[in-house]
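Work through the exercises below with the sequence and the 3D view at hand. Try each task before reading its solution.

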Amino acid sequence: MQVVDQKYKIQGINLTDLATKYGTPLYVYDGEKIRSQISALKAAFSSVTMRIKYATKALSNVNILRLVKDSGVGVDAVSIEEVKLCLHVGFEPGDIMYTPNCVSFQEIQEAVDLGVMVNIDNIPMLEHFGHAYGDKVPLCIRLNPHILAGGNAKISVGHIDSKFGISILQLKHVTRVVEAYKLNVVGLHVHTGSDILDAEVFLKGAEILFDAANSFKDLRFLDFGGGFKVGYKQGDITTNIQELGEKVSMAFKDFCRSYGRELEIWFEPGKYIVSESGYLLVKANVIKSTPATTFVGVDSGLNHLLRPMMYDAYHDVVNISRTDGPDRVYTIVGYICETDTIAADRRLKEIKEGDIIAIKNAGAYGFSMASNYNSRPRPAEVLLLGGKDYMIRKRESFDDILKHQEMVSW
Ligand code: LLP
């Protein structure tokens with residue numbers, strides 16, 4: 001988003017015009033930013049065979065999926081519904097990795113029937129898999145490396161108290177099951193969490209994965225999950241993708257030499273690909289001063305963007321209706337009957353009723369975590385590509401709120 005001729009624009013498109021055209025609240029995605037993130041990641045790993053499996057859960061609109069597909073990216077899906085969405089969009093089954101947790105074996109079978117690679121994250125499912133398929137269906141195993149990483153406990157998932165993956169301490173047990181059923185393990189996976197800053201964390205994960213890999217002789221890839229940290233506020237330190245690429249590629253090449261075969265290295269970024277592309281445009285309904293604070297109540301809330309309330313996540317906000325005039329300090333809150341503070345104590349251009357506020361970094365886990373709480377419809381979504389705007393999801397209506405409810409007689 002840039003200020004051009006006193007207007008906030010993306011790809012030359014005036015954002016307040018989009019708010020007028022489509023209404024608010026409105027999710028807007030900069031498709032060119034998604035493309036450039038993908039290119040940067042590819043460039044950083046150009047010396048190894050790297051595959052990107054976009055974490056569908058971050059933003060799963062079919063047009064976004066098609067955009068990443070057209071950039072030569074595969075997908076990681078967490079539910080059978082995400083698998084079906086990706087197939088619907090035209091991904092080949094071979095481009096889809098299915099990484100469920102705590103699902104029934106029936107759902108895993110459904111994925112196998114669809115021809116999709118399954119990433120198994122517990123020993124009972126590994127045994128079911130062996131019993132059902134033996135050496136017939138290749139699979140990946142998700143290991144929990146016991147690394148506590150990142151600054152936010154809610155999104156750090158590779159530590160010893162996390163429900164995800166098979167403990168690295170159970171590797172012997174895993175290899176016993178693999179041998180007993182002659183399982184065809186072609187990949188090993190770790191994911192330490194989201195908002196992981198440091199290349200060192202990936203290198204630590206890599207060491208654990210390399211060590212474990214020596215117990216499996218037919219591997220084709222090692223998957224390091226996602227979690228690259230993006231910038232949420234000015235001056236934020238972010239994962240240095242270039243440095244990550246250099247360090248991890250070097251370690252990976254050394255490993256491949258000792259393993260005796262060239263493997264593929266996989267990553268499953270969600271935030272890195274879509275977070276910064278997204279803006280949630282909301283309208284100031286009321287400016288309300290209390291003895292302590294000036295609140296700006298907007299036409300959205302935790303029903304549309306849960307991250308600030310669920311993770312105490314910081315999202316930058318901008319009054320895009322004004323580029324000059326005085327600054328004031330505001331707390332932006334939603335219209336939901338909860339304390340849904342979107343942004344506290346922010347210095348912004350003076351806000352008047354009807355002004356449009358852009359909430360940044362709304363591409364990842366924004367719409368995909370939205371709900372109908374307080375019986376509010378979910379926003380529309382607009383994709384900007386090549387200087388044009390496309391409505392990729394209609395705004396929900398009151399009819400949608402009623403859609404699956406039955407008035408029964410008793
Ligand atoms: N791979 C696996 C197995 C994952 O569980 C996740 C995220 C990713 C990749 C992608 O992680 P990313 O690159 O997006 O950080 N809703 C939270 C984040 C939850 C992440 C869940 N798994 C948030 O808004 O911060």
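The exercises concern a predicted model and go from its domains to its ligand.

**Exercise 1.** State which domains the protein has, and how far apart their C-alpha centres lie.

*Solution.* Step one: the domain assignment gives domain 1, made of 2-29 + 275-402, and domain 2, made of 60-269. Step two: the C-alpha centres of the two domains are 33 Å apart. Step three: the domains also touch, with 15 residues of domain 1 in contact with 12 residues of domain 2.

**Exercise 2.** Describe the shell of residues around the ligand by number and class.

*Solution.* Step one: the ligand is surrounded by 17 residues. Step two: the closest of these are Ser194, Glu268, Lys271, Arg307 and Tyr365. Step three: sorted by class, the shell holds six nonpolar, six polar and five charged residues.

**Exercise 3.** Find what lies opposite the side chains of Glu268, Lys271 and Arg307 on the ligand.

*Solution.* Step one: Glu268 has a polar side-chain atom 2.6 Å from a nitrogen atom of the ligand. Step two: for Lys271, a side-chain N or O atom is 2.7 Å from an oxygen atom of the ligand. Step three: for Arg307, a side-chain N or O atom is 2.6 Å from an oxygen atom of the ligand. Step four: on its own the ligand has 580 Å² of accessible area, and the protein covers 91% of that.

**Exercise 4.** Explain why the ligand is said to lie between the domains.

*Solution.* Step one: the ligand takes up the space of the largest pocket. Step two: domain 1 and domain 2 both contribute residues to the shell around the ligand, so the ligand lies between them.

Conventions. Residues numbered from 1 in each chain as written. Predicted model: local features only at pLDDT ≥ 70, side-chain atom pairs only at ≥ 80, totals over all residues. Heavy atoms only, no water. Near = heavy atom within 4 Å. Polar contact = N/O pair within 3.5 Å; in protein donor to acceptor, adjacent residues only side chain to side chain. Areas by Shrake-Rupley, 256 points an atom, 1.4 Å probe, with all protein chains shown as cover. 1 Å grid on protein atoms, 1.4 Å probe; cavity = no way out; pocket = protein on both sides within 12 Å on 5 of 7 lines; lining within 4 Å. Sits in = over half its atoms within 2 Å of the grid points. Nonpolar A, V, L, I, M, F, W, Y, C, P; charged D, E, K, R; others polar. Domains from an automatic or database assignment. Contact = heavy atoms within 4.5 Å.
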